[in-house]
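Trainee: I should like to learn how the contacts between chains in a model are read. Could we work through an example together?

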There are 4 protein chains.
Amino acid sequence: LAFGSLPTGAHNAITDVPGVRVGHVTVWHGAPGTEAGAGEGVARTGVTAIVPVGADEGLLGLFRRPVAAGVAVLNGAGELTGSIEVAEWGIIETPIVLTGTSSVGRAYDAAVDAMYTAGADEVVIPVVGECDDSWLDDHRRRWVTVEHARAAIDGASGGPVAEGVVGAGTGMVTMGHKAGIGTSSRQLDGVGTVGVLVLANFGAVGELRVAGTLVGPTLRADRHASPAADDRRERSSCIGLVATDIPLDARQLTRVARRVGLGLARVGSVAHHGSGDIFLAISTTNRLPRHAAGRVAIELLADGSLDDVFTAVVDATEEAVCNALFVADTVTGVDGHVVAGLPVERVIELVAPAQR
Amino acid sequence: LAFGSLPTGAHNAITDVPGVRVGHVTVWHGAPGTEAGAGEGVARTGVTAIVPVGADEGLLGLFRRPVAAGVAVLNGAGELTGSIEVAEWGIIETPIVLTGTSSVGRAYDAAVDAMYTAGADEVVIPVVGECDDSWLDDHRRRWVTVEHARAAIDGASGGPVAEGVVGAGTGMVTMGHKAGIGTSSRQLDGVGTVGVLVLANFGAVGELRVAGTLVGPTLRADRHASPAADDRRERSSCIGLVATDIPLDARQLTRVARRVGLGLARVGSVAHHGSGDIFLAISTTNRLPRHAAGRVAIELLADGSLDDVFTAVVDATEEAVCNALFVADTVTGVDGHVVAGLPVERVIELVAPAQR
Amino acid sequence: LAFGSLPTGAHNAITDVPGVRVGHVTVWHGAPGTEAGAGEGVARTGVTAIVPVGADEGLLGLFRRPVAAGVAVLNGAGELTGSIEVAEWGIIETPIVLTGTSSVGRAYDAAVDAMYTAGADEVVIPVVGECDDSWLDDHRRRWVTVEHARAAIDGASGGPVAEGVVGAGTGMVTMGHKAGIGTSSRQLDGVGTVGVLVLANFGAVGELRVAGTLVGPTLRADRHASPAADDRRERSSCIGLVATDIPLDARQLTRVARRVGLGLARVGSVAHHGSGDIFLAISTTNRLPRHAAGRVAIELLADGSLDDVFTAVVDATEEAVCNALFVADTVTGVDGHVVAGLPVERVIELVAPAQR
Amino acid sequence: LAFGSLPTGAHNAITDVPGVRVGHVTVWHGAPGTEAGAGEGVARTGVTAIVPVGADEGLLGLFRRPVAAGVAVLNGAGELTGSIEVAEWGIIETPIVLTGTSSVGRAYDAAVDAMYTAGADEVVIPVVGECDDSWLDDHRRRWVTVEHARAAIDGASGGPVAEGVVGAGTGMVTMGHKAGIGTSSRQLDGVGTVGVLVLANFGAVGELRVAGTLVGPTLRADRHASPAADDRRERSSCIGLVATDIPLDARQLTRVARRVGLGLARVGSVAHHGSGDIFLAISTTNRLPRHAAGRVAIELLADGSLDDVFTAVVDATEEAVCNALFVADTVTGVDGHVVAGLPVERVIELVAPAQR
């Protein structure tokens, strides 16, 4: 399946943007049939950390020279800590950590720990995003620890990114099927790279569109999807992160972040009332020193050249969600909840006529 | 072609919402080949007015009991006067007038005239939206007068709504083809009616998706589209108006308005840098008296029931844009610019495989 | 009276920012006692235009190289056209025109005329702000014409700026006293100049604070103020414009604009429900060509050096409002409405003890 | 000193709003001269929790029937978790917890714990605000634990509220003097009660205004203030919380929250670049069930009656900050940093002439 005509990067991942690293810690244990609160419990959750600077530079480098950032909200039934500072200062000074809703505090604490350990000598405001994985995870048991989140941050690396049922994506559901982490990238010749990573946990099965074809109703009729999972629209969510090495400022990145929602729409999202559709965009270029003062010179891509960036974001977002869906296998979690993996062959069959 | 599974209203138009009226004035004259500024000039422009109260009540009724409203901006390279007041007070107290970019002042003036003539005895802030029709219209000649705009307001009526090359849509272009005014509606059983009207003037031909199928590249290869028109992305736009009789407040209507962008995404929009993608939603129910004071009681649809409204908006928006495209015929305007009507049979042929 | 410790510019006016020009047209006629709608009517209104580029460059220069801009709303019961584009693109490409509420359409139309006359060959979206002068002006007579507004734009000049009962300020009222146009400026040594211009038309007499001293209640007891004028809080307003030659981008200018509200608070404003407290900030430096593409280099003042700019804006705003109040004489308008000028000697007497 | 003419509530505290409870936990130990990181360390920090429902109802009642809420940001160099959800849904479903910047994650975790312990069976998004207390506190030691924050929540009670150097206010500094927690309330006859609580940690000594009189420069000349503390503007902050039993909806509460900034301006704030001036307003009335669906009836105070609420908020905010300053004694913290208490008698002497 093709999602637009722009070429992808080497790994078709957010890590194609130079310096961007991703780390996953999956927290998984317990017999899937177990009821919530019973026995040793069922963990289907985790943490994914995105570090926007290379390992050579490390977190102290990020602290000293934050990356430019912008945030956009399509539907705000969710959390992205740090978003107020991003909106005001247009920067991010910590890793970006994704996890299940009930683990935000610990991921936040871990990010502070990581920054202090790296040598940050002033207070920091980390960026932590969440989706609700409580359909599969016995969330009130609070499996994720500060150590888990630290391990995700400390283990972040470049190169290929694991997708689907991994890290923060472990317990996530999209359009009635198992999903989670998805990523994709686009190359703009002579301009730079655009990478997108989503934590996909949104929508109802009847809404699913793959590469333009509305497959949801057929999958539902086929009983391929998980109807009960489909009813848990309340507190669904999709966090979308765009990274680029194109020199953009905070205003431009806010505009870029807003386009993630258009990619979700292509997959069928109408942005449910209960969904936290929250998007962040960062540029790894043109970073200013933490305490810059007086006049500074920066270089930017002019607004008049943004359209290709917008197209790259929409295409890569659509593909990232599909990647999460195509890769994720069926998961059984707490209370015997089963969320089916997407029946990929059936979907390909349904989509094929429109692709000719 | 079906756009979602919800039933449409009687006219599949914004006027299916009780009391909502639409008026068009088309301003058209001059030999199409004429250069800008030469001779008597070429007019391909007009005005469309949406009056959110019935003729029995009239503008004075609207002044005395404004309708609830919310506004959302996907890309703000355009104008919707009154949007600051909508964001603060959550109401609209005048007709909503759409026109070409260079005629906003006159449409605004006409709305003030209309309100004063109707008996408004305080100042008002009208809502006027625009798209740029200067590819076809000799815009610097400023054809639209206050009288034209008054006539659109005064002539607003219920029932079927003319679409395509009419009123404010006269000179508009979408995805390289002639478009303009489009409208559609959805019925939510036992809840109410949702109507959408768009002034469609956005996108590039290669981006066009109809009912999920990406037809743009084929149409471009077929040379069915207007390549030159396709290059005028700067200052394209899409104003989208949602009206409903479901009792919603300003916060909820802001959320509703935001969903118009998801409908545009389905048609292929990535919200170009130069596009004014600005959306307004109004509820004709629960109107408070202009000088209400003390405690007032209102009734609302709870947030938990909004998802169907969101679906209705996205589906109706997608259909409204397609209606504008399917109805509009080829237009030749100033400087010999030709904008082709959509080759409907060819599109149906392209879309058919995916519809089975 | 001193408002902060920063030095003012040569004219203590927004025109101290190099290139910034101001033009006023006052529309005044009719016997003051006349009832609304009777006889030849009573005009107490006008237009003020701020042109952010020098006469040598002219409007075409502004069109070709817009100035950077940001907008902020403290209370949005008013209108500033163009604000959606300012928020998205961060620029202004036309003069900024202020007038009475019912004249916005004509001022808008005049700004379009002026730009087209100057040679602009694309559509433009002008910036027009308003306050409600209908307490003194027989507003439904619509005195202001397109020609008046054009004259204000065309007549804009540098140097000293007339304040009080002039231009758009002709019919305005603040804290129960006659006010209107006020301006002030501050010099930041080695950094640049900050100028503020307000169209002051807000508040109730009991709220007035001058240089920190609450003088309102005493003035009310003295019967120095106009109690009836004090009751017209509905649709009061204050438009505040900041101009600077300090190189700032749109995000920074949005932050700068937000500080105007803190200056109004010092004068006693609580931002009434009916007030359009809308602020704009522009930087005349670092202007990019209209169709800039690819990479561009710009220079900015770093965020870490903004505090002095913020102080300058708050101090100059406070002084600008006081200037409008101190200069404006008593005006009698339509329906025999009298709005008293501030009793300056009495105010000085009241304020004196706190100044020692 | 009088701050406006409206009467205060019984305790002149946010707890005058029926049902609102406040809990403090102060974390204080270590010899004040100790260098950062050395020995057992110096703790000058804490937690303050505001619970917007009565003890009889408890947190489960809050979970089941959230309170209406609105958020506003004057300068966003800070954090208020949950703000995205407040902006979208207009509600708060957890306690509001304030603490030092580096403790946000733990306070967040504690609020989740508290809600789950109380019986919440779905994920929640807590509201946690912060100011930077690292001038006095050896912040990298991370003194605040989840247990501290739980104790603040669990210990919340009605009645008088401790102010100054207590709870989250323990390490805070305002205008070069020791400050922290301050609160005040106003009664609107026949309408309801407005309470404000601030965590005050902002501004520079030269800016301080008390009851309108600029006292900062004199205090600085007197060497009463702490010049070093004055230089730590980076990462200062003021979180302001408004609570009321007046029935207001989310849009109205957003407007109410915005007025807190005007109260800060009266004390001299220009909202420094490094300040997190973030405001929240809640209404304890008209709470809807968590899963409300279909049509619901609510009662509201009409917008036309909001002006008195705005005045109450501005007056109470000004007084709350002054209360924090007047009550707080000198504190010596890490690295031998001393922050002087306000010399109250001297201030009264300076302010007196203007009060006659």
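Mentor: We shall take the interfaces one at a time, followed by the symmetry.

Mentor: This is a predicted model, in which local features need pLDDT of at least 70 and side-chain atom pairs count only at pLDDT 80 or more, whereas totals for chains, interfaces and linings use all residues. Residues are numbered from 1 along each chain as its sequence is written, chains are lettered from A and ligands numbered from 1 in the order in which they are written, and side-chain values use heavy atoms, with hydrogens and water left out.

Trainee: How many residues does the contact take from chain B and from chain C?

Mentor: Contact means heavy atoms within 4.5 Å. On that basis, 46 residues of chain B and 46 residues of chain C take part.

Trainee: What area is buried between chain B and chain C?

Mentor: The size of an interface is often given as the accessible area lost when the parts come together. Buried area is taken here with a 1.4 Å probe and summed over both parts. For chain B and chain C the value is about 3,700 Å², with carbon and sulfur atoms giving 54%. On the chain B side, the residues that lose the most area to chain C are B:Ile84, B:Trp89 and B:Arg235, together 19% of what that side buries.

Trainee: How many salt bridges and polar contacts are found between chain B and chain C?

Mentor: A salt bridge requires a side-chain nitrogen of Lys or Arg within 4 Å of a carboxyl oxygen of Asp or Glu. The interface of chain B and chain C has six salt bridges; among them, B:Arg106 pairs with C:Asp109 at 2.9 Å, N to O. A polar contact is a pair of N or O atoms within 3.5 Å; within protein, one must be able to donate a hydrogen and the other to accept it, and residues adjacent in sequence count only if both atoms are side-chain atoms. Between chain B and chain C, 20 residue pairs are in polar contact, both residues at pLDDT 80 or more.

Trainee: Which elements of chain B supply the side that touches chain C?

Mentor: Helices (H or I, at least four residues) and strands (E, at least two) are DSSP runs, numbered from the N terminus. Strand E3 (67-76), helix H2 (83-89) and helix H3 (104-118) of chain B each supply at least two residues. The largest share, eight residues, comes from H3(B).

Trainee: What is found between chain A and chain D?

Mentor: Chain A and chain D bury about 3,700 Å² between them, 55% of it on carbon and sulfur atoms. In chain A, the greatest losses of area to chain D are at A:Ile84, A:Trp89 and A:Arg235, together 20% of what that side buries. The count of salt bridges between chain A and chain D is six, including one between A:Arg142 and D:Asp109 at 2.2 Å, N to O. H3(A) gives the most to the side of chain A that touches chain D, with eight residues.

Trainee: By what turn can chain A be laid on chain D?

Mentor: Copies are superposed by least squares on the C-alpha atoms of residues with pLDDT of at least 70 in both. A turn of 180° with a shift of 0.0 Å along the axis lays chain A on chain D with an RMSD of 0.0 Å. That is the relation of a two-fold axis.

Trainee: Which residue of chain A comes closest to the rotation axis?

Mentor: A:Gly105 does, with its C-alpha at 2.0 Å. The same surface serves both copies, since 100% of the contact residues of chain A recur in chain D.

Methods: Buried area is the accessible area (1.4 Å probe) that two parts lose on being put together, summed over both.
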